[in-house]
Amino acid sequence: MINSEKNLKLEVFSDVKGINKISDKWVELACRCSAWHLMQLPDYYLSYAELLAQTPGEILVAAFYDNLELIAIMPLRFTRRAKFGIKFGILEFPSTPMPVRGFLISEHISVQALVTCLSNQFAGVYGEQWDMMRLVGIPKPLINDVARENKSKIVTTTVAKNNFIQLCHGNYIQDILNAKMRSNLRRRMKKLIKLGKIEFKTISSMPELNNAYDAFVETEAAGWKSRRSGKRAIKLHPDQRAFYYDLAVRHARNERCHIHLLEVDGQAIASDFCLLAGNSAFTIKHGFDEAFSD
């Protein structure tokens with residue numbers, strides 16, 4: 001385990017061009033790690049940088065090396081913001097639609113060594129001095145140690161964890177649900193069948209995925225997200241609609257995008273937008289037509 005940043009070297013890549021430059025090594029690092037998720041892969045940040053980033057160069061990729069071997073990747077954003085009339089340079093994780101801990105780290109390096117290397121070398125490599133860091137999901141005692149060591153102000157915030165359901169090969173989700181939940185599902189299925197012809201569809205390849213994506217967008221907007229405060233439905237935000245479609249296209253190349261549709265008499269009434277990474281399936285968004293909620 002590397003606990004010191006003494007031999008670590010930092011390289012910073014910027015925007016789409018930079019992500020493409022490091023993407024192959026990024027994926028190789030993910031394959032060497034025992035645990036990783038969708039938001040730690042380059043495709044996700046390419047879609048974000050191309051379609052949701054507000055300013056050019058907003059997305060940075062910090063690459064950490066030990067003796068020329070890539071051992072960690074940390075997507076970042078550097079901004080300058082005014083507070084009390086003073087501008088601060090803030091280094092933080094990107095505010096992506098799914099704000100989880102997005103950095104990828106090899107098992108033989110400590111997070112503390114990573115953060116220390118970033119705080120010491122970023123200004124020299126990138127050419128911008130930061131005044132504050134906001135690092136989501138990193139334990140606060142660790143951050144405090146680095147802050148004291150470097151006489152820096154580093155702020156860490158927490159984020160809600162994703163819920164994962166672990167399944168063995170050949171298992172179905174209903175197999176691990178309790179008896180009450182299974183009974184509830186059977187009851188609702190009986191009510192659903194009375195509405196008409198029921199079909200469950202999974203679409204994972206082009207060109208069929210285009211129509212499936214349109215159906216997903218419509219069902220996601222058919223509920224409260226289009227009406228209540230905030231109006232968060234994807235359909236109402238062209239940039240977000242383009243972002244999720246771009247994710248679908250990128251992952252459809254290897255059939256790693258699955259859109260699940262529940263149809264009644266040919267009409268989609270519920271949908272699920274799912275991306276595959278490694279041996280995990282990530283439900284990114286889902287929606288249903290509230291007219292069928294009973």
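1. A residue counts as buried here when its relative accessible area is under 20%. By that criterion, 46% of the 294 residues of the chain are buried in this model, which is a predicted one. The chain holds seven helices and 11 strands, and of its contacts with a separation of 6 or more, 63% are between residues 24 or more positions apart.

2. The sheet is a good place to begin. Four strands make up an open sheet, in the order β8-β9-β10-β11, and their pairing is antiparallel. At the edges stand β8 and β11 (280-288), and because each has a single partner strand, one side of each is left without a neighbour in the sheet. From one strand to the next, the twist averages 20°. Helix α7 (residues 238-252) packs on this sheet, where it touches β9, β10 and β11, and the direction of α7 makes about 60° with that of β10.

3. Strand β9 (residues 257-264) deserves a closer look, since seven of its eight residues are buried and the strand is therefore largely enclosed by the rest of the structure. With strand β8 (residues 198-203), β9 pairs in the antiparallel sense over six bridges, and in this pairing I198 stands opposite V264 of β9. With strand β10 (residues 267-277), β9 also runs antiparallel, and eight bridges join the two; C257, for instance, has L275 in β10 as its bridge partner. The hairpin of β9 and β10 has two residues between the strands, and D265 takes a positive phi near 50° in this hairpin.

4. What span should the 15 residues of α7 have at 1.5 Å a residue? The expected value is 21 Å, and because the end C-alpha atoms of α7 are 21 Å apart, the two agree. The buried residues of α7 are F243, Y244, D246, L247, A248, R250, H251 and A252. These buried residues pack against α2 (42-51) and α6 (208-221), as well as against β9, β10 and β11.

5. Helix α3 (residues 111-126) has 16 residues and reaches 21 Å from its first C-alpha to its last, which is close to the 22 Å expected at 1.5 Å a residue. There is nevertheless a kink of about 40° in α3, and it is centred on N120. On either side of that position there are buried residues of α3, among them L118, S119, Q121 and F122; V111, A113, L114, V115, T116 and C117 are also buried. The helix is followed by G127, which has a positive phi, near 90°.

6. How α3 meets its neighbour is the last point. Two packed helices are described by the angle between their axes and the distance between the axes. For α3 and helix α4 (residues 140-150), the angle is about 35° and the axes are 10 Å apart, and α3 passes α4 in a right-handed crossing. On the α3 side, V111, Q112, V115, T116, S119 and N120 take part, and they meet L142, I143, D145, V146, E149 and N150 in α4. N120, on which the kink in α3 is centred, is thus one of the residues of α3 that meet α4.

Key
Residues are numbered from 1 along each chain as its sequence is written. This is a predicted model: local features need pLDDT of at least 70, side-chain atom pairs count only at pLDDT 80 or more; totals for chains, interfaces and linings use all residues. Side-chain values use heavy atoms; hydrogens and water are left out. The expected span of a helix is 1.5 Å times one less than its number of residues. The bend at a residue is the angle between axes fitted to the seven residues ending there and the seven starting there. Buried means under 20% relative accessible area, exposed over 50%, partly exposed in between (1.4 Å probe, protein chains only). Two strands pair if DSSP finds at least two bridges between them. Axes are lines fitted to C-alpha atoms, for helices over the stretch in contact, and angles run from 0 to 180 degrees between N-to-C directions. A crossing is left-handed if the near helix is turned anticlockwise from the far one by less than a right angle, and right-handed if clockwise. Contact means heavy atoms within 4.5 Å.
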